[in-house]
Amino acid sequence: MRAAVYEAFQEPLSIQNVADPEPARDGVVVRVVATGICRSDWHGWMGHDSDVHLPHVPGHELAGVVESAGPEVRALSLGDRVTVPFAVGCGHCPQCLSGNQHICDHYFQPGFTAWGSFAEYVAIPHADVNMVRLPEALGFVDAASLGCRFITSFRAVVVQGRTQPGEWVVIHGCGGVGLSAIMIAEAMGAQVIGVDIKDEALALASKLGAAHVINARREPQLVEAIHDLTGGGAHVAIDALGSAETCRNSVLSLRKRGRQVQVGLMVADYKDALIPMNRVIAWELELRGSHGMQAHAYPPMLDMIMSGKLQPQRLIGKTVSLEQGAVELTTMGEFAITGVTVIDRF
């Protein structure tokens, strides 16, 4: 099969012919029809993730067709249209048995713990627990855009943030995760503020449902501006970027008893970023992480998509070939791309 491979961190990817994967006894091989390009893939390419071992094929936001299956697979058939959460559960550990396969004690992540979906085929284990059948009306590119960004944002806004109609929700960072969160929070009836340093990202945030947008580069009193706008601070704040600055600003954006959800990855030099715990204590703030979503939790989200209440296709900036995607991945640290880029030509 053709795959995009990097053999050293922070070095260009090359398109290579490599061996086709084989399914595990409880797994499937998916013919990849579309796969998103995510900042998490960039972190892996940079060497920020200890799960990545060289040489490596990135990619975890995939949609495609079941090509082959192991003998223990019962819930899927060849030809099924599928996607998969980026964090795959084993099905047997305490986390999986409690329904939290996305934080499995023995997790598998395509594009991190094994080769991923920047390829014609990808192998996924524990298929019956983790694969999600796609509605026939949902295209593969749209399904790939759900990837880790949209599903993570859905859980962050709906489950971890417990967003209610009429509440103020502030989203720090309007990349793929942040824009997804804005669309979802607006669909939940919240009043949404989008924060970024790029006017083009803020313009898209407004189109996707943000009632207000703020350019943090041009607003030196960002936290004060959010408190003024919301009459005391947001009910829910989401750091969708992941940096020491956005994490701190997100916490400080909250009103008393507000809820902070950390979605953006905190890695490399800011993995142990300082948090204003004095404010957390005095204002009884909640701090929660959000890491993907379980396969069994997809139906409410898919129902909202099929009804038109959520339109993830509006997040797609462009589609590219595998060769183009290999180049796009290396530039994600520059934040030059607005919206979601999907590889759909292999």
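Visitor: When do two strands count as paired, and in which sense do β3 and β6 pair?

Guide: Two strands pair if DSSP finds at least two bridges between them. In this predicted model, strand β3, residues 28–37, and strand β6 are joined by four bridges in the antiparallel sense, and one of the pairings sets Val28 against Ile124 of β6.

Visitor: Which side chains of β6 are buried, and which are not?

Guide: Along β6, residues 121–124, the side chains alternate between two faces: Val122 and Ile124 point to one face and are buried, whereas Tyr121 and Ala123 point to the other and are not. Ile124, the bridge partner of Val28, therefore belongs to the buried face of the strand.

Visitor: In what order do the strands of the six-stranded open sheet run, and which of them stand at the edges?

Guide: The order is β10-β9-β8-β11-β12-β13, with parallel pairing. The edges are taken by β10 (212–215) and β13 (286–289), each of which has a single partner strand, so that one side of each is left without a neighbour in the sheet. From one strand to the next the twist averages 20°. At the β10 edge, four bridges link that strand in the parallel sense to β9, residues 191–196, and Ile193 has His212 of β10 as its bridge partner. Helix α6, residues 199–207, packs on the sheet, where it touches both β9 and β10, and its direction makes about 170° with that of β10.

Visitor: How is a pair of packed helices described, and what is the case for α4 and α10?

Guide: Two packed helices are described by the angle between their axes together with the distance between those axes. Helix α4 (residues 140–160) and helix α10 (residues 298–306) pack at about 100°, with axes 11 Å apart, and the two are therefore roughly perpendicular to each other. On the α4 side the contact is made by Leu146, Phe150, Ile151 and Phe154, and on the α10 side by Tyr298, Pro300, Met301, Leu302, Met304 and Ile305. By class, this contact has ten nonpolar residues, with no polar and no charged ones.

Visitor: Is Ala225 of helix α7 buried or exposed?

Guide: Ala225, which lies in α7, residues 222–230, has a relative accessible area of 19% and is buried, because the cut-off is under 20%.

Visitor: What does the radius of gyration say about the whole protein?

Guide: For 346 residues a compact globule would have a radius of gyration near 20 Å, and the protein, at 20 Å, agrees with that. Its C-alpha trace spans about 60 × 40 × 35 Å along the principal axes, and buried residues make up 55% of the chain's 346 residues.

How values were computed. Residues are numbered from 1 along each chain as its sequence is written. This is a predicted model: local features need pLDDT of at least 70, side-chain atom pairs count only at pLDDT 80 or more; totals for chains, interfaces and linings use all residues. Side-chain values use heavy atoms; hydrogens and water are left out. Buried means under 20% relative accessible area, exposed over 50%, partly exposed in between (1.4 Å probe, protein chains only). Axes are lines fitted to C-alpha atoms, for helices over the stretch in contact, and angles run from 0 to 180 degrees between N-to-C directions. Angles under 35 degrees count as roughly parallel, over 145 as roughly antiparallel, 65 to 115 as roughly perpendicular and the rest as oblique. Contact means heavy atoms within 4.5 Å. Ala, Val, Leu, Ile, Met, Phe, Trp, Tyr, Cys and Pro count as nonpolar, Asp, Glu, Lys and Arg as charged, and the others, Gly among them, as polar. The radius of gyration is taken over C-alpha atoms; the globule rule is 2.2 Å times the number of residues to the power 0.38.
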